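Here's a quick walk through some ring pairs and helix packings. Have the model open while you read, and follow along from one contact to the next.

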Amino acid sequence: MAVLAGSTMTLAGCGLNNGSGGAASSSKALTVWHQFSGEGGTAMDTILKGYNKANPDGQFEGRAIANDEANTVIRTGLSGNNPPTVLQYEGYQQTADYAKAGQLMDITDWYNEHKDNFTYGESQAVMDACGYEGKVYCIPWNVDTSEQIFVNPDIMDQHGLKAPSTIDELKAAAGKLNGAGVSPVSLYAGDGWPAAHWWYLLTIQRCSVDTILKAAKQDGAKWDDPCFEQSAQDLYDLGKAGVFPQGVEGQDYNAMLQLFLSGKAAMMNTGTWFNSTLADTPPEFETEAVAFPQVDPSKPSHQILGGFTNVFGVTANSGNTDAGLKFLDYISDPGSGAGAEFAKSGLVNVIVGADKEMSPRVKASYDAISEALSLPGNNVIAYFENLVPPSVGEDSMYNGAAALTSGAMQPKDFVSKLQQAAQAAAAE
């Protein structure tokens, strides 16, 4: 410990970066922390090998972090003495938190010089994910949406069913499938967020993006307003209608995937990142994807849930900010093929030209996001936990939505407790 303390003091004396600009490289290893696994992890490894081959004097090491451990590992790492050089994270509220704490480098000037390399480079969506107080702290990488239901067409055909386009059709299909001993929708909510995403999707249709953003800021709307309670009622009613399997509240996302991939559930809702799983472990049936059902087909919503769930930033205090910016130079260059590697893996990458490598199913999601961004107004909203403090999103929204699916919580209690959590967070 004495040696480590001495090393830290020496490095500090040599001028570690304080977040205001580039710093001289230190003797610390160059690292990229990321949450990619499966085909995405393979793509990240390929990019690192390509960068290191081109830069033998400044090679990067990758560290993959499990998704369910990421928040704790990243927050601990950023506040410690050995943060990563480059960090992949989920943007939005995390960008604000890390930037406010002085843990991310301001890359505004760099981004303005490179924004043409990104499909949505000048969109408000980028600033929502990577901006804080008018400055840019990260680059967009992969964009995701959960505005789809993945379908096993073999099961649907066997029972004479079509993919539901409305919530009422979903309930009717569930009744028929349950009668035949088939799970209608694979959903296990032990992790919290898979159930929360259902509530998010229903809420967008009931409340609109602008109202949700007001509630997230506690300015002009509250989480216990009628439209939020109605969307909670929608989710509660789906559970009561038998749309979800028995024990929905108890198991996790991996169990949810297994139920669908094994051919034991007709449908499943999750994000476009699932396309990477399909590429990595294809099931015996040809998976289809259809739009998430509408609650009111007479007033269809054209707003979508999604955003830049993967962004890259340069940490402010690693002592290697110049090397970090050089790494961003490489991965953001369409000619390096970095974005194309992720597109090949089934992810919706936003480096210019990457869409040419997407499969038709992934390209359809890319086009849907592009269309939503092209419409007037604010039509794309991030996953809600990225808009609010953890006590509101990762606690109240996650746990409450899971309880709604199983009928363990009433809709009114859900929104009431959610609003109480938001008020408490605002008071802090």
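Let's start with a knot of rings: Trp-199, Tyr-200, Trp-223, Phe-228, Phe-384 and Phe-414 form one aromatic cluster. Bear in mind that this is a predicted model. Across the whole structure there are 29 aromatic pairs.

**Two ring pairs**

A pair of aromatic rings is described by the distance of the centres and the angle of the planes. Take Trp-198 and Phe-244: their ring centres sit 5.2 Å apart with the planes at 80 degrees, and because angles over 60 degrees count as edge-to-face, that's the label this pair gets. The two residues come from distant parts of the chain, 46 residues apart. Trp-198 belongs to helix α9 (residues 193-207), while Phe-244 is in the loop between α11 (226-240) and α12 (253-261). Both Trp-198 and Phe-244 are buried.

Next door in sequence, Trp-199 pairs with Phe-228, with centres 6.5 Å apart and planes at 45 degrees, so this one is tilted. Here too the pair links distant parts of the chain: Trp-199 is in helix α9 and Phe-228 in helix α11, 29 residues apart. Are Trp-199 and Phe-228 buried or exposed? Both are buried.

**How the helices pack**

Two packed helices are described by the angle between their axes and the distance between the axes. Three pairs are worth a look:

| Helix pair | Angle between axes | Axis distance |
|---|---|---|
| α11 and α18 (residues 411-427) | about 135 degrees | 8 Å |
| α9 and α17 (residues 391-406) | about 85 degrees | 7 Å |
| α2 (residues 38-54) and α14 (residues 321-332) | roughly 110 degrees | within 11 Å |

With that angle of about 135 degrees, α11 is oblique to α18. Their crossing is right-handed. On the α11 side the contact is made by Phe-228, Glu-229, Ala-232, Gln-233 and Tyr-236, and on the α18 side by Pro-411, Lys-412, Phe-414 and Val-415. Phe-228 and Phe-414 are familiar names from the aromatic cluster.

Now for α9 and α17: they are roughly perpendicular to each other. From α9, the contact uses Trp-193, Ala-195, Ala-196, Trp-199 and Tyr-200; from α17, it uses Met-397, Tyr-398, Ala-401, Ala-402 and Thr-405. Trp-199 and Tyr-200 are cluster members as well.

The α2 and α14 axes cross at roughly 110 degrees, which makes α2 roughly perpendicular to α14. This crossing is right-handed. Met-44, Ile-47, Leu-48, Gly-50 and Tyr-51 of α2 meet Ala-323, Lys-326, Phe-327, Tyr-330 and Ile-331 of α14.

**A few single residues**

What lies over the face of Trp-33? That's Arg-63, at 4.7 Å from the ring centre.

Lys-100 is part of helix α4 (residues 93-100). Its relative accessible area is 66%, and since anything over 50% counts as exposed, Lys-100 is exposed. The C-alpha atoms of Lys-100 and Glu-133 are separated by 9.3 Å, with their positions 33 residues apart along the chain.

Thr-108 is found in helix α5 (residues 108-114). Why does Thr-108 count as buried? Because its relative accessibility is 13%, and buried means under 20%. Leaving aside residues up to four places away in sequence, Thr-108 touches Lys-135 and Val-136.

Conventions: Residues are numbered from 1 along each chain as its sequence is written. This is a predicted model: local features need pLDDT of at least 70, side-chain atom pairs count only at pLDDT 80 or more; totals for chains, interfaces and linings use all residues. Side-chain values use heavy atoms; hydrogens and water are left out. Rings of Phe, Tyr and Trp (its six-membered ring) pair if their centres lie within 6.5 Å; planes under 30 degrees apart count as stacked, over 60 as edge-to-face and the rest as tilted. Helices (H or I, at least four residues) and strands (E, at least two) are DSSP runs, numbered from the N terminus. Buried means under 20% relative accessible area, exposed over 50%, partly exposed in between (1.4 Å probe, protein chains only). A charge sits over a ring if NZ of Lys or CZ of Arg is within 6 Å of the ring centre and within 35 degrees of the ring normal. Axes are lines fitted to C-alpha atoms, for helices over the stretch in contact, and angles run from 0 to 180 degrees between N-to-C directions. Angles under 35 degrees count as roughly parallel, over 145 as roughly antiparallel, 65 to 115 as roughly perpendicular and the rest as oblique. A crossing is left-handed if the near helix is turned anticlockwise from the far one by less than a right angle, and right-handed if clockwise. Contact means heavy atoms within 4.5 Å.
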